[in-house]
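Thanks for coming, everyone. Let me put the structure up and walk you through it.

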Amino acid sequence: MHFPSFDQEPIIDTRKTVRGLLAAALVCAGLSQPLHAEQAYPTRQIRMVMCCVGAIDAVARAIADEMTQDLGQPVVVEPRPGAGGGIATNHVAKSEGDGYTILVGTNATHAANQSLYLNLPYDYVNDFAPIGGIGAGAMVLLVPATSPIQSVEQLTAEAKKAPGKLSYAWAGTTPRIAMELYSQLADIKLLEVPYKTNPQATTDLIGGQFDAMFADLNTSAPLVKTGKLRGLAVSGPQRADVLPEVPTMQEAGVRDYSLTWWVGMWAPAGTPRPIVDRLNASLNKAIGSERLAELFRNTGATPMPMTPDELMQFQIAEHKKWADIVSKAGIQPR
């Protein structure tokens, strides 16, 4: 049997080639691991837990449909309303950070509730990995169509004549804080009437059982257009497309007034950043679709795309803003 000597060129080339291939394979394997992990997600259904229902429901479901198409796996909406959004928020906070349970939360769950509840079961910063913003919208200040009050200026004047006599209803965090901010800036005192649901409060406002309330544009605009309610002003910094004839609170004479509700998306803390970034890209793609653009217009909202880091900074700033309003209003957390 013939054994080639070590100085034969073909043997030396083969050994070099094998060593080179092994080294290249190791390098490629190391580099490909993060990419492979990112490509492997998602492999099954994703639950989109909703903290509330109402104005944002159609938007959230449309986003879920768009993300389903983009991610290649079903994104299923799961409403868990109650406790100012706290039920859904706490559920997601306690879920595994694997990218298969995500939260659609609001300014209530991640800005205001921290000042309104004594023992929140979740930490709005440390229990979550922000994914991105969804949208923001204004409220509208309403009075019954039969009310003699035709403007914010008249409402302010009447309230100052008899402090605590005029009443307002609220059903939820944002309408309540919207009225508290108005009361602070206009230096008036109104009697508050809490309600469990916005539809019930709206029905009683139409019936004249109290004097005013803030409500979302999505449900209120049709009632204003049909003459069942009168819109005095919108709470945002600019007029709403769905009610272009209604001025902003600032235009109506309340200086420095600006308050909007907003919606965002979060994953549980510990969710790997590549997964968060994949969800962020899918969410922003959905927000930019024509379908969502039309829904935003119809609900009086505007898209609010953000990076995860931008959402974190935003929610912390919003928490400080809402906490200041609650403190000045003298609202005691419960």
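I'll take the cores, then one loop residue, then a pair of helices.

This is a predicted model: local features need pLDDT of at least 70, side-chain atom pairs count only at pLDDT 80 or more, and totals for chains, interfaces and linings use all residues. Numbering starts from 1 along each chain as its sequence is written, and side-chain values use heavy atoms, with hydrogens and water left out.

Cores first. A nonpolar core is a set of buried Ala, Val, Leu, Ile, Met, Phe, Trp, Tyr and Cys residues joined through side-chain atoms within 4.5 Å. Buried means under 20% relative accessible area, exposed over 50%, partly exposed in between, with a 1.4 Å probe and protein chains only. The largest core has 82 residues. Among those with the most contacts inside it are Ile 63, Met 67 and Tyr 182. Strand 4, residues 128-144, gives the largest share, eight residues. Strands here are DSSP runs of E, at least two residues; helices are H or I, at least four; both are numbered from the N terminus. A second, separate core has 21 residues, including Ala 138 and Val 242.

Now Pro 74. It sits in the loop between helix 2 (57-71) and strand 2 (75-79). Buried or exposed? Pro 74 is partly exposed, because its relative accessibility is 37%. Arg 44 is 30 residues away in sequence, yet 7.3 Å away in space, C-alpha to C-alpha.

Last, helix 4 (residues 107-116) meets helix 6 (residues 173-186). Contact means heavy atoms within 4.5 Å. Ala 108 and Leu 116 are among the helix 4 residues involved, and Arg 176 is one of those in helix 6.
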